[in-house]
Each structure stands twice: as structure tokens, then as C-alpha cells.
Amino acid sequence: MKKQTKTEELAFEAAFAKLEEIVGKLETGDLPLDEALALFEQGQKLAAYCGTKLDEAELKVQKLAAGSERVEPFDLDEAR
Amino acid sequence: MRQMNLFSSPTPMTVGDLTRYIRQMFEVDYRLQDVWVEGEVSGVTRHASGHVYFTLKDAAAQIACVMWKTSTPTYGAFVVHGGQILAHGKVSVYETRGQYQLYVDRVQPRGMGDLHAQFEMLKAKLEAEGLFAPERKRPLPEFPHRIGVVTSPTGAVIRDICNVLARRWPLVEVLLASTQVQGEDAPPQIVAALDALYRRDDLDLIIVARGGGSLEDLWAFNDERVARKIVESPVPVVSGVGHETDFTIADFVADVRAPTPSAAAELVTPDRAELEAQLAALRTALASALTGDLRARRVALQSYARALLHLSPQVRLANFRQRVDDLTAQATGSVVHLLQLNRARLTGAAARLDALNPLAVLQRGYAVVRRDGQLVRSVAQVSSGSQLSVRVADGEFDVTANL
């Protein structure tokens, strides 16, 4: 029952893990310069991506329709 | 003489015979073979063999009881210390210990507030089945994508949960499986809601939640059907039922028990603020890693440049240039020396030349004789009357030879 992340976009934690890996690689040094620059650029993009994900995320709430498998939007105001 | 009876027979019985006799006395009494007795349970020992030993007592007396393992799956859970029960069985004697006891084969819970007793009994029963075992507990995913929530669609609970999720981890999606959380219909509805969520394959975990209330209010979460359905869950289940002090059977079978619904939402999500801080730290580390890398390269570059300078032909050229200067100086020195040498030789030569000057000889009184311009070196060159010219130091005069 593991969720398959939407293929077109990287999951936050994957981007985050990748960013950590890139920083680690850069910190160890010994990379060719163009590779280091490319990694840095990629790292910047990932950091920006993660930041955006956190900034723009908005909790999505849905509910299972009674007696069916159908998923419908759920308005929290209903809960009042 | 008194009539001897059986017991005073001079032929004594063995203890075993006597005890067996006593046991038979119990067993022929039909009332003792089919008796219901009410009392409070204490001193419960669950033996590894599966049999349960305990004492049933009231204010006046107590009786040792045993329940064979054939009865424990159904009734063992009712035998809880402090519990008031109605026990059915037969009374007989355990010969080895010479102890009469009640062999319990059926039990009905009494008193103790029925709900408390039922709670304790179900708890003991499920625990005995190993459903609370720590090794059954699954870890929660670090970054959940989709969370199923089983609770009421109305009221504070779903709102509290969503508020916490929105604050901590808005990347998550919530799927509410709504249900009544109170009353007789609640347990089957909760079971149905869980089933509906189990049929999905996109959930990372499930929260089962209800707000605080009395023991009766929370009762649906002490229902055996609900407990067993939670046990079936393909993903980790987090319970958040009632207040911190409330424990329900659902809490015991869940993978993680949260003290409240909001706490459940906190437990299942990473903290956005913390991740943002980590992200900022990573950004800094990324920049300084590159800066550091570039600095290291620059330092290396400078040291190579210096090394290169040392190896440069310029240095050798400078050396050559100096050598040329040296040689030039040397050469100049040599020439001067040569000149001096030659000058000295010249002086010498001049002196020697001076010495050979015929005039100088003439000064010393010698004369040069010529005949017809020819130097006269021999008498043979001269005959009598030859006209000769004589050169002396300060002039010349002619003479006639006289042989």
C-alpha cells in the first residue's frame, strides 16, 4: 500500500535527500570543476524546489463518499 | 467396650485412600457438581500450561479455583484481579495438596461497572492473543503523502487534525472516512470506514480518532470488532481517542497510540519549521561547499603558478645573461692582461733593439767601413789604394787603404 509518487514531479523528500547528497559530494571536494559547478546549480534548483513546495503547499482534504469508493472534496467548514 | 467404627479401625487407611474417599464424598454431592458462585477474583496465576489458577472470595470466606485451558479461550479474560464474577463449576479435591477447589468451566462478569469489567476482559483476551505485542508495532513513514482519517465528519476532531497537518506538513493529503464515533451503530460504521480505507492502495497510514468523553462515549473504541479490524490494517494505524488519560482497546492494538487527535496528527508528520531550518542550513552548506571548493582550487592554482615560475626558462635566461656578463668581464680582463703582456714584451724588444743599434756601437768607438757602399767585413774586400768610407759616431770620412 505504498503510494507511487506522481511521476512528473519529484516528491519533497526525494528532492531533499538529493540535495543532502549533493552538499555531501561538494563538501568532500575532489570533483572536476565543471562537475562541481553543475552539482551546485542542481543543488540550488533542488533547494528552491523544496522551498517552493513548502511555501506553496496547501493541505488537501477529501472524503470517501458514503458507501462507495468515490472520493469527493471535503470542506472543513462542514465540520462546524 | 465401645463399638469400633471404620475410622477407628486398628487397620489404618493411607492418606491417599482417605483423600480419595473425601474427594468421592464431594463428587457424590450433586449440588457441588453443578454450582454457581459469586465472588471477587484475586491472586490470578496464568500458568504456562494454559491453565488459570485464582481465588474467589467474599467478605466471609475464600475458595481456591482452577480453570482448565479448555475454558480459558472463552472465559479466561473474565478472570481479572479485582473482578466480580459469577463462576460455574464443580467442587472437588486436588489430592496431591489435600485441597478442595472449584473447577471453573464458565464465567459471567458481574459488577465492577459492567463496562470496566468488559474492558478488562477484552483487554486480557486480546493481549493473550498477542495482539498488543511490541513486535506487531510498525514504524510510521517519515514523510507521509496520504493519510486516511477515521472519525466524525462533524465536530472539532477533524478540524483539529487538519489544522495541525496544515501547520506542520501541508504537503500531505487527507482522506476522511467518516463514521459515527458514538452509539450502537458506531462500531460497525468504524469497521466499514476502516475497510473502505483498506481497499485503497494510496495511503501511508491511518488515524483513528475521537474527542474526549466518558467511558460510555468512547465505548465504540473498546469494541472487539473495531479492535480486530484495526489489527487487520495493511498500513500503520495511529489511535487518538479521548484525552491523555483515556486508554481504549483501539489504543492497544494500534501501531502507535497518541494521547489526543491533535497529537496523532503531530505524531504522523514531520515538522515544516524544522525542515525549513534544515533546508536553509543545506542551502548555506551548498554555497559554502562550492566557495570552499573554489577557494581550494584557487590556492592550488596559485601554488602551481609559483611552481611554474620557478621552472620558467626566464630564470635560465637570466642565468645565461649573468653568465654572459661574467664571461664578458672575464674576457675584458684577459685582453687587458694580454695588452700589458705585449706592452712589456715590446718594451723589452725595444731595449734589445736599442742594444743592437749600430750607432750605439759607434758611440763606444767602433767604426763602420764601407767600400763602394758595401760593408767591409773582410781584408779580402780591400786592396791597396781602395777608397773606403769610415763612419764613426758623429760623422763620416774617407780613407785610402794601405796594404
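**Notebook: chain A and its contact with chain B**

I began with chain A, where I counted two helices and two strands (helices are DSSP runs of H or I with at least four residues, strands are runs of E with at least two, and both are numbered from the N terminus). Read along the sequence, the order of these elements in chain A is α-α-β-β. I noted that this is a predicted model, in which local features need pLDDT of at least 70 and side-chain atom pairs count only at pLDDT 80 or more, while totals for chains, interfaces and linings use all residues. Residues are numbered from 1 along each chain as its sequence is written, chains are lettered from A in the order in which they are written, and side-chain values use heavy atoms, with hydrogens and water left out.

I then looked up burial in chain A, and found that 35% of its 80 residues are buried (under 20% relative accessible area with a 1.4 Å probe, protein chains only).

Next I turned to the contact between the chains (heavy atoms within 4.5 Å), to which chain B gives 47 residues and chain A gives 46 residues. The buried area (the accessible area, with a 1.4 Å probe, that two parts lose on being put together, summed over both) is about 4000 Å² here, and carbon and sulfur atoms give 68% of that area.

I searched the interface for salt bridges (a side-chain nitrogen of Lys or Arg within 4 Å of a carboxyl oxygen of Asp or Glu), and the rule finds one. Its partners are Lys60(A) and Glu173(B), with the closest N and O atoms 4.0 Å apart. On the side of chain B that touches chain A, I found that α4 (156–168), β7 (173–178), α5 (186–198) and α9 (272–311) each supply at least two residues. The largest share, 15 residues, comes from α9(B).

I followed β7(B) further, since the strands interested me. Strand β1 (residues 60–64) of chain A pairs with β7(B) in the parallel sense over four bridges (two strands pair if DSSP finds at least two bridges between them). Within this pairing I located Val61(A) opposite Val174(B).

What joins β6(B) to β7(B), and in which sense do they run? I found six bridges between these two strands, which run parallel. Arg146(B) has Glu173(B) in β7(B) as its bridge partner.

Last, I checked strand β6 (residues 146–151) of chain B, and six of its six residues are buried. Arg146(B), Gly148(B) and Val150(B) point one way from β6(B), whereas Ile147(B), Val149(B) and Thr151(B) point the other way.

Note on methods
Buried < 20%, exposed > 50% of the residue type's maximum accessible area, 1.4 Å probe, protein only.
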